[in-house]
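Hello,

Here is the structure I promised to pass on. Have a look at it first, and then read on for what turned up.

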Amino acid sequence: MNSQLIELLGKVVVDLKSKYYFVFDLLDRVRKVINRHEKVKLYYPILSNISPNAEIGAGTTIHTHCWIGDVKIGTNVKIQAFAFIPEGVTIGHNVFIGPHVCFTNDKNPPSDRKEWGKTIVEDGAVIGANATILPGITIGRNAKVGAGAVDTKDVTTKQFWVGNPATRI
């Protein structure tokens with residue numbers, strides 16, 4: 001199936017001569033991501049920006065319109081549409097990331113990478129739709145962050161946090 005996608009994208013290059021360089025670069029990027037992540041289910045990879053340097057575990061599903069930087073993602077992770085996961089984020093195994101979840105890596109932008117915080121999402125965590133996770137946060141094993149929450153503090157194992165700013169319930 002991956003070779004069929006690459007072949008189809010090759011036809012797009014021919015059909016869109018005015019956009020030749022842009023589409024050809026996009027084709028090359030998609031080819032690198034697909035070849036590197038054979039056991040990852042990517043919905044329409046051409047509609048997402050996934051770094052070829054991202055480490056993504058087998059069985060992971062990534063929906064469309066996601067931005068994923070140089071991150072480490074465990075196995076069997078579900079990432080819904082429009083998620084933003086920048087450099088500095090590490091995601092464990094069996095994690096669910098809802099649509100429009102936004103991880104940040106810089107509390108005081110713009111700054112150089114020295115000031116970026118590392119964010120860790122441990123195994124089994126669930127992050128609801130439209131949640132914002134500030135840098136330097138650890139979301140514990142089997143913890144939950146509710147939809148729309150703005151998480152400014154660590155969430156320990158099996159806790160459930162909601163609201164803005166997020167608090168434990």
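A word on terms before we start: helices and strands here are DSSP runs, at least four residues for a helix and at least two for a strand, numbered from the N terminus. With that in hand, G117 is easy to place: the loop between β11 (102-103) and β12 (119-121) holds this residue. Is G117 buried or exposed? Its relative accessible area is 17%, and buried means under 20%, so G117 counts as buried. Beyond four places in sequence, G117 has contacts with G88, N105, P135 and G136. V89 is 28 residues away from G117 in sequence, yet their C-alpha atoms lie 8.7 Å apart.

Please keep in mind that this is a predicted model. The mean pLDDT of the protein chain is 84, with 78% of residues at 70 or more. Residues 14-21 stay under 50, and the model gives them 2 contacts beyond four places in sequence.

Now to the core. The largest nonpolar core has 33 residues, and I68, I79 and I139 touch the most other members. Past its neighbours within four places in sequence, I139 has a list of contacts including I120, V121, I127, V145 and V155, as well as E122 and D151. In soluble globular proteins, nonpolar side chains tend to be buried together.

On the surface, Y44, I46 and L47 make a nonpolar patch of about 300 Å². I46 sits in the loop between β1 (41-42) and β2 (49-50), and its relative accessibility of 32% makes this residue partly exposed.

Happy exploring!

Methods
Residues numbered from 1 in each chain as written. Predicted model: local features only at pLDDT ≥ 70, side-chain atom pairs only at ≥ 80, totals over all residues. Heavy atoms only, no water. Core = buried A, V, L, I, M, F, W, Y, C linked by side-chain atoms within 4.5 Å. Buried < 20%, exposed > 50% of the residue type's maximum accessible area, 1.4 Å probe, protein only. Contact = heavy atoms within 4.5 Å. Patch = residues over 30% accessible without salt bridge, like charges linked within 9 Å, V, L, I, M, F, W, Y side chains within 5 Å. Areas by Shrake-Rupley, 256 points an atom, 1.4 Å probe, with all protein chains shown as cover. Salt bridge = Lys/Arg side-chain N within 4 Å of Asp/Glu carboxyl O. pLDDT = per-residue confidence, 0-100.
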